[in-house]
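Work through the exercises below with the structure open. Try each task before reading its solution.

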Amino acid sequence: MGTVETVRIAQRTGFCYGVREAIDKAKESSAAGKRTHTLGQVVHNEGVIQNLLDYGVRSVETLDDVDSGAAVVIRAHGVKPEVFERAEHRGLEVIDGTCTWVIQEQRQLQELVEEGYTIVLLGTPNHPEVIGLLGFAPDAIVVDDETDWVNIPRRKRMALITQSTQPPWKFEKLAAFMVNRAHELKILNTVCPVTIRRQEDTLELAREVELMVVVGGRHSANTKELTRLCEIAGTHAIQIENARDLDDPSAFDGKRVVGVTGGTSTPIEDLRDVAARIYELAGTDDVRGRAGELSERALGAAATPAGRTTSLPASPKTPASAA
Ligand code: SF4
C-alpha cells in the first residue's frame, strides 16, 4: 500500500516567458496559414513537439530544409547574426522568437567587444544560446566548470558575462575568481531572473516535503541544477523527463508529502501529470482514486498557472479556455 498523501507543485514553474513566446509565435504563424518551421526543436519535450506538429509546425535542423517563401522561427536561445542573413538570402520569412533577455545579452556582448574588453563567457560550450552569443563576440573565452577557470588569461581589461540559465552561485564564484585576473574587471550579471525565482521556489518547497521529483530534459542544465539544489536542501530528488518515467513505487516508500518542480522548458501540465502519476503509483488508498482531482488542485495552487503554459490552445481545434 502506498504512503503518499499529498503532492505539491512548486510556485512559478512551467514555461519561462521566452520559451512560451517562441512557441506562441510559431503557432500563430501556422494558424495564419504560413508554412512554418522552427530552427531546431523549440524545447526537447515530446508533448510540445507533438502539439506543434498538430499545428503544422515542423522543426528542421538547418535552413536548407526550409522551402523558399516559408516561415522559420528562431527559438528563444537565439542564433548568430549570420543565420538571419542566410535565411533572408534564401527568401525565408524569419520570425524572431529570441527571448528578450537573450537579445539584451547579445547587445551587451557586442558593446563589450566594441569597448575592447577580453570577454569571459560562463556557459555550456555547445549550448545553442552560447553558440548564438559567440556570433556577437567570436573571441570570447567560454568557461564552464571550475576546472576550466585556470585557463583564463590575465589581461588588463576583462569582462565577465554569463549564459542566462547558469546557476547564480557559479557566476558569483567565477566573478570572485576573476578579480585577481584583471586590472579592470567589468561584471555583467545576465543570469535570467526567471531562473533565479524558479530555484528559490524549488528550494522553498524542497525544505517542506520529504521527496522531490524534478521534471525536465535529461541534459537540461537548469533542470539538473534544480535537482542539485534539492539535494543541498537535504531532500532527495528524482529527476525524470515525464510521468511515464515513474514506474517504481518503492521510490516513494514511507513518504507522505512529495514535491514536484520542473525546468524552464517543461509545460506546467506535465507537472500536473507527474503529480497524478505519483498519486496513482504510490498514493494511500484514500487518494489513489482521486489522482485526477488532486493533481488539478495541486496545479491550481501553483502561482499563475495560466501564464506558465503556452497561451494558445493545446490544439488548433481546442478552445483557448481549455488549454
Ligand atoms: S530562461 Fe530566461 S533568458 Fe532563457 S529563454 Fe527563458 S526567460 Fe529567456
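## Exercise 1: a strand pair and its sheet

Strand β12 (residues 257–262) runs parallel to β1, and four bridges join the two. The model is a predicted one: local features need pLDDT of at least 70, side-chain atom pairs count only at pLDDT 80 or more, and totals for chains, interfaces and linings use all residues. Residues are numbered from 1 along each chain as its sequence is written.

**Task.** Place this pair in its sheet: what is the order of the strands, and which strands are at the edge?

**Solution.**
1. Fix the terms. Strands (E, at least two residues) and helices (H or I, at least four) are DSSP runs, numbered from the N terminus. Two strands pair if DSSP finds at least two bridges between them.
2. Find a register point. Ile-9 is opposite Val-260 in β12.
3. Read the order. The open sheet has four strands, β1-β12-β10-β11, with parallel pairing.
4. Locate the edges. β1 (6–9) and β11 (237–240) are the edge strands, and each pairs on one side only.
5. Take the twist. From one strand to the next it averages 20 degrees. Axes here are lines fitted to C-alpha atoms, for helices over the stretch in contact; angles run from 0 to 180 degrees between N-to-C directions.
6. Add the helix. α8 packs on this sheet and touches β1, β10 (211–215) and β12. Its direction makes about 165 degrees with that of β12. Contact means C-beta atoms, placed from the backbone, within 7 Å.

## Exercise 2: two helices

**Task.** How do α8 and α9 pack, and which residues meet?

**Solution.**
1. Geometry: α8 and helix α9 (residues 221–232) make an angle of about 30 degrees, and their axes are 9 Å apart.
2. Residues: from α8 come Thr-195, Gln-199, Thr-202, Leu-203 and Ala-206. They meet Asn-222, Glu-225, Leu-226, Leu-229 and Cys-230 of α9.
3. Classes: the contact has five nonpolar, four polar and one charged residues. Ala, Val, Leu, Ile, Met, Phe, Trp, Tyr, Cys and Pro count as nonpolar, Asp, Glu, Lys and Arg as charged, and the others, Gly among them, as polar.

## Exercise 3: the other sheet

**Task.** Which strands stand at the edges of the sheet that contains β7 and β9, and which helices pack on it?

**Solution.**
1. The order is β7-β6-β8-β9, an open sheet of four strands with parallel pairing.
2. β7 (141–143) and β9 (182–187) are at the edges; each has a single partner strand, so one side of each lacks a neighbour in the sheet.
3. Neighbouring strands are turned by 25 degrees on average, direction ignored.
4. Five bridges join strand β8 (residues 155–162) to β9. Arg-157 is opposite Glu-184 in β9.
5. α4 packs here, touching β6 (118–122) and β8, at about 175 degrees to β8.
6. Helix α7 (residues 168–178) touches β6, β8 and β9, at about 180 degrees to β8.

## Exercise 4: the ligand shell

**Task.** How many residues surround the ligand, and which helix supplies the largest share?

**Solution.**
1. Count residues whose C-beta atom, placed from the backbone, lies within 6 Å of the ligand. There are 14, and the closest are Cys-16, Gly-18, Cys-99, Ser-164 and Cys-192.
2. α1 (17–31), α4 (100–114) and α8 (193–208) each supply at least two. The largest share, three residues, is from α1.
3. By class, the shell has nine nonpolar, five polar and no charged residues.

Methods. Near = placed C-beta within 6 Å.
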